[in-house]
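Subject: Handover of a structure, with notes

Dear colleague,

Please find below the structure I promised to pass on to you, followed by an account of what I found in it. I have tried to state each cut-off where its term first appears.

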Amino acid sequence: MGKARISEAEGAAAVAVATGDFETASRDTRATAVRYLLQVLADAAVGNSVEVRVPPFGAVQCIEGPGHTRGTPPNVVEMDARSWLELATGTLTWADGIATARIHASGQRADLTGYVPVAL
């Protein structure tokens, strides 16, 4: 992710606020919550075969397998911040997110089943 790691205390606090009332949470709080949960995912699913993007807040590479080094990765998962927070905390399932087009996944390995919700 390139930036300093977010502490568990700071991340958990931001997640609690952002998931409690997404609309009233500040942009900074939402950004911290998103980045923290991406960090937790990357820590749990070490690798670089899938890129998970949550614009404009962050992206990580994760999941073991063949990686990429240049250009657009072949396996990409992308969603908005609210969808990522819900997916990562278990209030949105992978199947429901795909079915309702809240999650966009391209590539053979672009599947977070078994990696979400993340362990907080």
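Is Glu 78 buried, partly exposed or exposed, judged by its relative accessible area? With a relative accessible area of 29%, Glu 78 is partly exposed, where buried stands for under 20% relative accessible area, exposed for over 50%, and partly exposed for what falls in between (1.4 Å probe, protein chains only).

Before going further, please keep in mind that this is a predicted model, in which local features need pLDDT of at least 70 and side-chain atom pairs count only at pLDDT 80 or more, while totals for chains, interfaces and linings use all residues. Residues are numbered from 1 along each chain as its sequence is written, and side-chain values use heavy atoms, with hydrogens and water left out.

The sheet

Helices (H or I, at least four residues) and strands (E, at least two) are DSSP runs, numbered from the N terminus. Four strands form an open sheet in the order β2-β1-β3-β4, with mixed pairing, two strands being paired if DSSP finds at least two bridges between them. The edges are taken by β2 and β4, each of which has a single partner strand, so one side of each is left without a neighbour in the sheet. On average, neighbouring strands of this sheet are turned by 15° against each other, direction ignored.

β1 (50-54) is joined to β2 (58-62) by five bridges, the two running antiparallel, and a hairpin of three residues leads from β1 to β2. Three bridges join β1 to β3 (76-79), and these two strands run parallel; Val 52 has Val 77 as its bridge partner in β3. Four of the five residues of β1 are buried, so this strand is largely enclosed by the rest of the structure.

The charged network around Arg 53

Arg 53 has bridge partners in two strands, namely Ala 59 in β2 and Glu 78 in β3. A search of the whole structure finds five salt bridges, a salt bridge being a side-chain nitrogen of Lys or Arg within 4 Å of a carboxyl oxygen of Asp or Glu. The side chains of Arg 53 and Glu 78 form one, at 3.9 Å from N to O; Arg 53 lies in strand β1 and Glu 78 in strand β3, so the pair ties together parts that are 25 residues apart in sequence. Arg 53 also forms a salt bridge with Glu 51, with the closest N and O atoms 2.6 Å apart, and Glu 51, Arg 53 and Glu 78 are thereby linked in a network of salt bridges. Within this network, Glu 51 counts as buried at 13% relative accessibility, whereas Arg 53 is partly exposed with a relative accessible area of 24%.

Helix α3 and its surroundings

α3 (81-89) lies across β1, β3 and β4 (103-106), and runs at about 110° to β3; axes are lines fitted to C-alpha atoms, for helices over the stretch in contact, and angles run from 0 to 180 degrees between N-to-C directions. Its buried residues are Ala 81, Ser 83, Trp 84, Leu 85, Leu 87 and Ala 88, and the buried residues of α3 pack against α1, α2, β1, β3, α4 (94-99) and β4. At the N-terminal end of α3, Asp 80 acts as a cap, with a side-chain oxygen 3.1 Å from the backbone nitrogen of Arg 82, and after the helix comes Gly 90, whose phi is positive, near 95°.

Arg 82 also forms a salt bridge with Glu 23, the closest N and O atoms being 2.1 Å apart. Glu 23 lies in the loop between α1 and α2 and Arg 82 in helix α3, so the pair ties together parts that are 59 residues apart in sequence. Glu 23 is exposed, with a relative accessible area of 56%, while Arg 82 is partly exposed at 30%.

The nonpolar core

The largest nonpolar core (a set of buried Ala, Val, Leu, Ile, Met, Phe, Trp, Tyr and Cys residues joined through side-chain atoms within 4.5 Å) has 36 residues, and Val 52, Val 77, Trp 84, Leu 87 and Leu 112 have the most contacts inside it. Its largest share, eight residues, comes from α2.

With best regards

Notes
Contact = heavy atoms within 4.5 Å. Polar contact = N/O pair within 3.5 Å; in protein donor to acceptor, adjacent residues only side chain to side chain.
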